[in-house]
Amino acid sequence: MRWLFHFGQYWLFMKRMMTKPEKFSIYWKQFLRECDNFGYGSLGIVALVSVFTGAVITIQTIYNLTNPLIPMYSVGIVARDSIILEFSPTIICLVLAGKIGSSITSEIGTMRVTEQIDALEIMGINSAAYLVLPKITAAMFIFPFVILLSAFLGITGGYLAGTLTGKISSADFIYGLQNNFIPYNVEFALIKSFVFAYIITTVASYHGFHTQGGALEVGKSSTYSVVYSSILILIGDYILTQLLLV
Amino acid sequence: MIELKNISKKLGDREILNNISSVFEKGHVNLVIGGSGSGKTVLMKCMVGLFEIDSGEILYDNRNFSSLDFKARTPFRKEIGMVFQGGALFDSLNVERNVMFPLSMFTDMTYEEKMDRVNFCLNRVNLPNVNNHQPSELSGGMKKRVAIARAIAPNPKYLFCDEPNSGLDPRTSIVIDNLIKEITMEYDITTVINTHDMNSVLEIGDKITYLHQGKKWWEGNAEEILRTDNKELNGFIFASKLAQSIKKHA
């Protein structure tokens, strides 16, 4: 029944957070700071993972295409759809759950155990709203851009891996990318990134905010936040796919 | 003036505070002393609204604080300054921004007005020229002084300090004690300090409340504490040989 307690506490935490900001200008500055953190701060890892994932998908697809009846340009189709539908929104969000989620939990958890959150409360500031709301809004705003960039880099990685090794011609790959392109798939990826941004930031903030103890507990909370947000991303991925694609 | 009327508080099944009543006067340094686990930190957290009391009343200048919800307490909170044991400075902000924070949040002061106030408060705690330092670059004593500057920046009516001397060397402790005493008298505020620093008790305690096992065991001033025959209080305050010799010569 412990999960039920956390489930209830999580929604009470969400309710407490959704209030009118004490001072909009302060929240706006926080929002911009978090956009910079989550967006610009994640570019390196996102670029690295995307390029290599795209390259691996392309090479593996070529490796598995043994039937001479299947045209070579289908490598481009498979790479494009795998990257846009699954690898960019889901795998990158799992990576970001590790990077951003653990950072949010550590930051808020440390503020909790060093009484910085108590200091905010005593000043009359809604600490949940002040600390968490800018993070959630920033992530939900910036994640779709990050995912678009990831998809672009993934496809570029696939193109480079395929053409530079001579396994597929540039014309075939590009024809495959353009063949039967469904714009809705991009919308679907953006919807997923939007939902996963919410999951990552709220789960991480919840764990940080309810940390009790010291450095050891902050570490444990960070681990829990990454584990639970990853599980919720995978469950959410299945539900969204079932609801929006099938 | 802060008035406590029959405050009781349980955490789980454990009774932390049992029927505590006291009055903390304006313009005085009111000390709450007691051993570890005596309930003084919980009492302070109840007084500032971080914990809810189970029964009793907390009155700020005859205004009932304990019966209000979080939102209704906001006007009260703007009159409260608190110095935490570890300073609780915001790591992401430099010294200047830390002190400016309550002003930015709750006033419509211009940037220049806020800077004037920040510099005034930092000068008041004898910390000029540290505006751009990060909290991690400060010593323990400096952190406490910045925390005091942040607490007094919005001109509070009530100042709470939770063990302001913990972890400080004796000389810095005296500086902090004197600073709090001066600020209390200068701005005529009600100051409540949790401490188990013997020097603070004798030097700045206008009124001393001793908690033992969650109950108010003794109340008096620094003069009276030297002559008390309260067994538990004597055992707590005069535990060291140095303190015993002070009592002998009093």
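**Stop 1: chain A from end to end**

Colour chain A by secondary structure and follow the sequence: the pattern reads α-α-α-α-α-α-α-α-α. That makes 9 helices and 0 strands in chain A. What you have open is a predicted model. If you orient chain A along its principal axes, its C-alpha atoms fill a box of roughly 70 × 40 × 30 Å.

**Stop 2: helix 4 with helix 7 in chain A**

Next, select residues 74–113 of chain A, which form helix 4, together with residues 170–178, which form helix 7. How do their axes cross? They come within 6 Å, at an angle of roughly 50°, and helix 4 and helix 7 of chain A are therefore oblique to each other. Turn the view to look through both helices, and you have a right-handed crossing.

Now show the side chains here. On helix 4 of chain A, pick Ser74(A), Val75(A), Gly76(A), Ile77(A) and Arg80(A). Facing them on helix 7 of chain A are Asp172(A), Phe173(A), Ile174(A), Tyr175(A), Gly176(A) and Leu177(A). Coloured by class, this contact of helix 4 with helix 7 of chain A shows 6 nonpolar, 3 polar and 2 charged residues.

**Stop 3: helix 4 with helix 9 in chain A**

Keep helix 4 of chain A selected and add helix 9, residues 215–244 of chain A. The axes of helix 4 and helix 9 come within 8 Å and cross at roughly 145°. This crossing, too, is right-handed.

Residues to display on helix 4 of chain A include Thr90(A), Ala97(A), Gly101(A), Thr105(A) and Val113(A). From helix 9 of chain A, the contact includes Val218(A), Ser222(A), Ser225(A), Ser229(A), Ile233(A) and Asp237(A). Which classes of residue make up the contact of helix 4 with helix 9 of chain A? It divides into 7 nonpolar, 13 polar and 1 charged.

**Stop 4: where the chains meet**

Bring chain B into view. The contact between the chains takes 14 residues from chain B and 13 residues from chain A. On the chain B side, the elements that give two or more residues are helix 2 (74–77), strand 6 (80–83) and helix 3 (95–106). Helix 3 of chain B gives the largest share of that side, 3 residues. Colour the chain B side by class, and you will find 9 nonpolar, 3 polar and 2 charged residues.

While both chains are on screen, here are the confidence values. The predictor gives the complex an ipTM of 0.86 and a pTM of 0.87. Chain B averages a pLDDT of 88, and 99% of its residues score at least 70.

**Stop 5: the 4-stranded sheet of chain B**

Switch chain B to cartoon and look for an open sheet of 4 strands, in the order 2-1-4-5, with antiparallel pairing. Its edges are strand 2 (14–24) and strand 5 (63–64), each pairing on one side only.

Zoom in on strand 1 (residues 2–11) and strand 2 of chain B, an antiparallel pair with 7 bridges. Two partnerships are handy landmarks: Ile7(B) is bridged to Ile20(B) in strand 2, and Lys10(B) to Glu15(B) in strand 2. Between these strands lies a hairpin with 2 residues in the gap, where Gly12(B) takes a positive phi near 70°.

**Stop 6: the 6-stranded sheet of chain B**

Chain B also holds an open sheet of 6 strands, ordered 6-7-8-3-9-10, with mixed pairing. Strand 6 and strand 10 (215–220) of chain B each have a single partner strand, so one side of each is left without a neighbour in the sheet. On average, neighbouring strands of this sheet are turned by 20° against each other, direction ignored.

Walk across the sheet pair by pair:

- Strand 7 (residues 158–162) and strand 8 (residues 190–195) of chain B run parallel, joined by 5 bridges. Here, Asp162(B) stands opposite Asn194(B).
- Strand 3 (residues 29–33) and strand 9 (residues 207–212) of chain B also run parallel, with 4 bridges. Asn30(B) has Lys207(B) as its bridge partner.
- Strand 9 and strand 10 of chain B run antiparallel, with 5 bridges. Ile208(B) stands opposite Gly220(B).

In the hairpin of strand 9 and strand 10 of chain B, with 2 residues between the strands, select Gln213(B) to see a positive phi near 50°.

**Last stop: a helix across the sheet**

Finally, select residues 140–152 of chain B, which form helix 5. Helix 5 of chain B lies across strand 6 and strand 7, running at about 175° to strand 6.

How values were computed: Residues numbered from 1 in each chain as written. Chains lettered and ligands numbered in written order. Predicted model: local features only at pLDDT ≥ 70, side-chain atom pairs only at ≥ 80, totals over all residues. Contact = placed C-beta atoms within 7 Å. Nonpolar A, V, L, I, M, F, W, Y, C, P; charged D, E, K, R; others polar. pLDDT = per-residue confidence, 0-100. Axes fitted to C-alpha atoms, helices over the stretch in contact; angles between N-to-C directions. Parallel < 35°, antiparallel > 145°, perpendicular 65-115°, else oblique. Left-handed = near helix turned anticlockwise from the far one by under 90°. Pairing = 2+ DSSP bridges.
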